[in-house]
Amino acid sequence: MLVSIKSAIKGYHVYKQSYPVGTILECSLEPDNEHSDCAIVVKNRETVVGHIPEGLCQPLINFFQDGLIVQISAEIIGEPRSSSGGTFVKGDGKEIPCSYKIFGGKYKKSEVRLFIKKEIRKLVV
């Protein structure tokens, strides 16, 4: 694993899929999403749980396309809650607290880790 980012899975109020704390979910690009050009869906096998917040998706998609990362998973770290906005998160509705685990590709892990952390920090400031 390269980096872990605490955030939330958006869309609980739509999909109403909840899982116990500690559950690991799969994330994948969703290029045909009708609501966003840069969507990453979070699933438990074939069941949609929600999406990575839009504010975090664009840099992650860029990292995928550049080969810096090859996989993202989401570990549930809390119970579904009302969204009040926050880092990477816009809008209301329900969300599930999680930690996104980002796994690297063919480049040196230490260099990629530093680069990703630097880019993500730009979003937080």
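**View 1. Ile9, Ile52, Ile72 and Tyr100 touch the most other members of the largest nonpolar core, which has 31 residues.** This core gets at least two residues from each of β1 (3–10), β2 (24–29), β3 (40–44), α2 (54–65), β5 (69–76), β7 (94–104) and α3 (109–124). Helix α2 chips in the largest share, with 6 residues. Keep in mind that what you're looking at is a predicted model. As a bit of background, nonpolar side chains in soluble globular proteins tend to be buried together.

**View 2. Zooming in on Ile52, one of the core residues that touch the most other members.** Leaving aside residues up to four places away in sequence, Ile52 touches Cys27, Ile40, Val42, Cys57, Leu60, Ile72 and Tyr100. Two of those names, Ile72 and Tyr100, also belong to the group with the most core contacts.

**View 3. Ser73 sits in strand β5.** Is Ser73 buried or exposed? It counts as buried, because its relative accessibility is 7%, and the cut-off for buried is under 20%. Skip the residues up to four places away in sequence, and Ser73 touches Ile24, Leu25, Cys27, Ser99, Tyr100, Lys101 and Phe103.

**View 4. Lys10, Arg81 and Glu95 are joined into one network by salt bridges that share partners.** Glu95 pairs with Lys10, their closest N and O atoms being 3.6 Å apart. Glu95 is in strand β7 and Lys10 in strand β1, so this pair ties together parts 85 residues apart in sequence. Arg81 also bridges to Glu95, and here the closest N and O atoms are 2.9 Å apart. Since Arg81 belongs to strand β6 (residues 81–82) and Glu95 to β7, that pair ties together parts 14 residues apart in sequence. How open are these residues? Glu95 is buried at 2% relative accessibility, Lys10 is buried at 13%, and Arg81 is partly exposed at 38%.

**View 5. Glu75 and Lys101 form a salt bridge, with their closest N and O atoms 3.6 Å apart.** This one links distant parts of the chain, with Glu75 in strand β5 and Lys101 in strand β7, 26 residues apart. Glu75 is partly exposed at 24% relative accessibility, whereas Lys101 is buried at 16%. The structure holds 3 salt bridges.

**View 6. His13 belongs to helix α1 (residues 12–15).** With 38% relative accessibility, His13 counts as partly exposed. Its C-alpha atom is 7.3 Å from that of Glu95, although the two residues are 82 residues apart along the chain.

How values were computed
Residues are numbered from 1 along each chain as its sequence is written. This is a predicted model: local features need pLDDT of at least 70, side-chain atom pairs count only at pLDDT 80 or more; totals for chains, interfaces and linings use all residues. Side-chain values use heavy atoms; hydrogens and water are left out. A nonpolar core is a set of buried Ala, Val, Leu, Ile, Met, Phe, Trp, Tyr and Cys residues joined through side-chain atoms within 4.5 Å. Buried means under 20% relative accessible area, exposed over 50%, partly exposed in between (1.4 Å probe, protein chains only). Helices (H or I, at least four residues) and strands (E, at least two) are DSSP runs, numbered from the N terminus. Contact means heavy atoms within 4.5 Å. A salt bridge is a side-chain nitrogen of Lys or Arg within 4 Å of a carboxyl oxygen of Asp or Glu.
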